[in-house]
Every structure is written in structure tokens, then in C-alpha cells.
Amino acid sequence: MAISTVSICNRALDLLGADPIISLEDGSKAANLCQRNFEPSADSVLRLYPWNAALRRARLPALNEAPGWGYLYQYQLPQGPEPAFCLRLLEVDNGTDYRVEGRRILADYAAPLDILYIGRIVDVASYDSLLAEAVAAKLAVHLAGNLTESGSRIEAARDYLRTVLAEAKAVDAQEGGASDLVIDAWLAARG
């Protein structure tokens, strides 16, 4: 089955024991809640970890206006069009000291500034299956209070979110390049 916003919402509803939706516009309470909570749930899961599917690179020009004090230059974080919207800055390529304030990067490094960041994923069909499951689990946590009065279901949704995030992070981390792998002395000695 292809990953879609509705399939992720239905997975969240399944986790809560709620009826599935046909579309985000079907008029049901669950559809309205999914429509309102999907993007914040997805964005918060994407911010938690540098998911491979959400990594973006950009070369930023300096803004004309210098910061008031403390740094020589400021740069605008990518803010669109989607999926260029920066949810979280991960690294500045030259290793310069920097600070994020609002939607700007302050640094002493002259332009251009190369960055690696987590970008919003608009096309959910490009989600990895574990990322989709993590978003569904987070969405279930957000929906739980409105769709169920069962404290055990709400806590089960939170527990499942922790479990699926740990599993997804472990798998996603294994998909990094060889430069990401570190062989410590003990492993090297084992051959």
C-alpha cells in the first residue's frame, strides 16, 4: 500500500481503536482532528532526528543587514517553497561558530554559508515506512485525548511512540555512509 496522509492517519486511528477515515475532508470528527494535527505531528517527528528522507543542503547568501552585535553576518534559514522549509539546522559546513535566532543564522563566516538541515517533507509518499509509522504514533498521541477517554490507550500510544522512534532511528542511522561508521579499538581487535 502506498504511503499517504490518509494511510498514516488511519494507522494512528488503528492504534487508538478508532474507525478509519475515507479522506481528510469526510466531515467526521477523526478526519477533522487528523487534518488539524497531521502537519504539527509530522514536523515534530522530523525535528527529533536527522531522518535521511528529510536531509537538505543549501548554500545561503548573507543578508544585507548585519546583526546588532556578537557576529559579523546573518543568513536567512530556508523558508520555502516546500520542501525547502527548514525545521532544524544540523550543521554549518565550515565548522564556524554560529547561533540560530528565530529564522536566522548568525555567524562570523562570510557568504556563502553551506548548511545541512532537516526540511519539511510535503510529499508523504517519499516517507520511509518507519518514518511513516513514527508520524502515525505521534499523531495517535495527539489524537488520543479527543478520541478516547481510556488512559491506558493514551499511555499505550505514548509507549508505542517511544518504541517506534527508537527502532526507526536505529535503522535510519545504519543507512549513513561509510564516513559515519566508527570502528573502536575493541571491534577492530576482534577482526
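In this predicted model, Arg-56 has Tyr-117 of strand β6 as its bridge partner. That pair introduces a wider pattern: strands β1 and β6 run antiparallel and are joined by six bridges. A third strand, β3, completes the picture, and the three form an open sheet in the order β1-β6-β3, with antiparallel pairing. Strands β1 and β3 (86–92) stand at the edges with a single partner strand each, so each has one side without a neighbour in the sheet. Ignoring direction, neighbouring strands of this sheet are turned against each other by 35° on average. It may help to keep one general point in mind while looking at the strands: in a regular strand, side chains alternate between the two faces of the sheet.

A helix accompanies this sheet. Helix α2 lies across β3 and β6, and runs at about 10° to β3.

A second pairing involves strands β4 (residues 98–101) and β5 (residues 104–107), which are antiparallel and share four bridges. Here Glu-101 has Arg-104 in β5 as its bridge partner. The two strands form a hairpin with two residues between them, and Gly-102 in the turn has a positive phi of about 65°.

Salt bridges come next, and the model has eight of them. Which residue meets Asp-43 in a salt bridge? The partner is Arg-120, with an N to O distance of 2.6 Å between the side chains. Asp-43 belongs to helix α2 (residues 29–48), while Arg-120 sits in the loop between β6 (113–119) and α3 (129–147), so this pair ties together parts that are 77 residues apart in sequence. Are these partners buried or exposed? Buried means under 20% relative accessible area. Asp-43 has 13% relative accessibility and therefore counts as buried, and Arg-120, at 13%, counts as buried too.

Another salt bridge joins Arg-59 and Asp-114, whose closest N and O atoms are 2.6 Å apart. This pair also links distant parts of the chain, since Arg-59 is in strand β1 (residues 55–60) and Asp-114 in strand β6, 55 residues apart. With 58% relative accessibility, Arg-59 counts as exposed, whereas Asp-114, at 23%, counts as partly exposed.

A further salt bridge connects Glu-155 with Arg-162, and the closest N and O atoms lie 3.4 Å apart. Both residues count as partly exposed: Glu-155 has 35% relative accessibility, and Arg-162 has 48%. The pair belongs to a network in which salt bridges that share partners join Glu-155, Arg-158, Asp-159 and Arg-162.

The last feature is a pair of helices. In general, two packed helices are described by the angle between their axes and the distance between the axes. For helix α1 (residues 5–16) and helix α4 (residues 151–174), the angle is about 130° and the axes are 9 Å apart. How are α1 and α4 oriented to each other? An angle over 145 degrees would count as roughly antiparallel, and one of 65 to 115 as roughly perpendicular; the two helices are therefore oblique to each other. Where they meet, Arg-11, Leu-15 and Leu-16 in α1 contact Arg-153, Ala-157 and Tyr-160 in α4. By class, this contact contains four nonpolar residues and two charged ones, with no polar residues.

Definitions and conventions. Residues numbered from 1 in each chain as written. Predicted model: local features only at pLDDT ≥ 70, side-chain atom pairs only at ≥ 80, totals over all residues. Heavy atoms only, no water. Axes fitted to C-alpha atoms, helices over the stretch in contact; angles between N-to-C directions. Parallel < 35°, antiparallel > 145°, perpendicular 65-115°, else oblique. Contact = heavy atoms within 4.5 Å. Nonpolar A, V, L, I, M, F, W, Y, C, P; charged D, E, K, R; others polar. Salt bridge = Lys/Arg side-chain N within 4 Å of Asp/Glu carboxyl O. Buried < 20%, exposed > 50% of the residue type's maximum accessible area, 1.4 Å probe, protein only. Pairing = 2+ DSSP bridges.
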